[in-house]
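Trainee: I'm new to this structure. Please show me how the chain is held together, and then take a close look at a single part of it.

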Amino acid sequence: MFAHPALSVALLCVLNTAAFAQAPAPIVKEGKTAKISPHVYLIPDEKVGMVPNVGIVVGNRATLVIDPGMGLKSGQAVLREVEKVSKNKTVYIVNTHFHPEHTTGDIAFPPSAKLIRSRAQQQDVEEMGMKWVAIFAARSSALTDQLQGSTFRAPAEIFENEKTLDLGGVRVKMLRLGPGHTRGDTAVFVEGENILFSGDLAMNKLFPAFATPQSRLSSWLTSLDTLDKLRPAQVIGAHYDKGDAAMISAYRTFLTTLRDRVAELKKQGKSPDETAITLREEFRNKYPDWDQPLRIHAAATAIYREIP
Ligand SMILES: [Zn+2]
């Protein structure tokens, strides 16, 4: 089924394969929206694979929605949650990256809603977006249904590296980072309340996924430096529980320790596969409470390719 080896490894790293067969439909749940600061709400993913953490930032002029889930039904559920906490007519949407569970809910929002996207993420959408929708949809008939008719919403505005949005009484900064998890990784920082939506660049006890051919360790590490400088009080990864700035340093420690071990084994003449298999075991034991250890394999393989 998977003709392209790199793509299948990347896919394994994104799909929660173990939980897949019996998992509930990955649709964002209604009635779970929690206020986490004066202007920010979170619909938690409850660690369901292919459901993102959804952010809603409500100003007195406009509202920003971050990652409205996968497919029309998720987007509609998020829209109903947005209407419970905001009466603003002006609605913006931003996605942390192009993968279907972060983007394909965008189309549920009315035509007046404005999607803001970085140029790099738009390139990801154009080159890989529908391919990933097809791969996700092929996994089960439930996912085929959920992704039926999915398309990518066209951005109303494209930015290069940084865009600040004034929602009225609260300002939000969007930062194009990466390539890390993807080429168009985008983080969202709520100024004043110091809340960071870090996408897949920093998550809580979930191994990082090198999920695209463009994923790079070097730019992942500089992205973490940028996130650290924001001094966030709360950090919300695209998946899993929210935490604080310790999530950023935990990712840095994991990535640099893994890099150093890859370098040692590469120097000893080990092949990419031997290196990845050895380090998958080693780091699974080092991080017993982190999920998705298969991702270590793809990370080690990508790092092996990248370092001298
Ligand atoms: Zn992703």
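Mentor: Let's start with contacts, where two residues count if their C-beta atoms, placed from the backbone, lie within 7 Å. Among contacts between residues at least 6 apart in sequence, 68% join residues at least 24 apart. Keep in mind that this is a predicted model, in which local features need pLDDT of at least 70, side-chain atom pairs count only at pLDDT 80 or more, and totals for chains, interfaces and linings use all residues. Residues are numbered from 1 along each chain as its sequence is written.

The pLDDT, the predictor's confidence in each residue from 0 to 100, averages 93 over the protein chain, and 93% of the residues score at least 70. Over residues 1-9, though, the pLDDT is below 50, and this stretch has five contacts beyond near neighbours in sequence. Where pLDDT is low, predicted coordinates should not be read in detail.

The chain has 10 helices and 12 strands; these are DSSP runs numbered from the N terminus, with helices (H or I) of at least four residues and strands (E) of at least two. Its radius of gyration is 19 Å, close to the 19 Å that the globule rule gives for 308 residues, so the chain is as compact as a globular protein of that length. That radius is taken over C-alpha atoms, and the rule is 2.2 Å times the number of residues to the power 0.38. Of the 308 residues, 50% count as buried, meaning that 20 or more other C-beta atoms, placed from the backbone, lie within 10 Å of a residue's own (12 or fewer is exposed, and in between is partly exposed).

Now for the close look, at helix H10. It covers residues 294-306, 13 in number, and reaches 19 Å from its first C-alpha to its last, close to the 18 Å expected at 1.5 Å a residue. That expected span is 1.5 Å times one less than the number of residues. Several H10 residues are buried, among them Arg295, Ile296, His297, Ala302, Ile303 and Tyr304. In between, Ala298, Ala299 and Ala300 are buried too. An α-helix has 3.6 residues a turn, so residues three or four places apart point the same way.

For a contrast, look at Glu46, in the loop between S2 and strand S3 (54-58). Glu46 is partly exposed because 13 other C-beta atoms lie within 10 Å.
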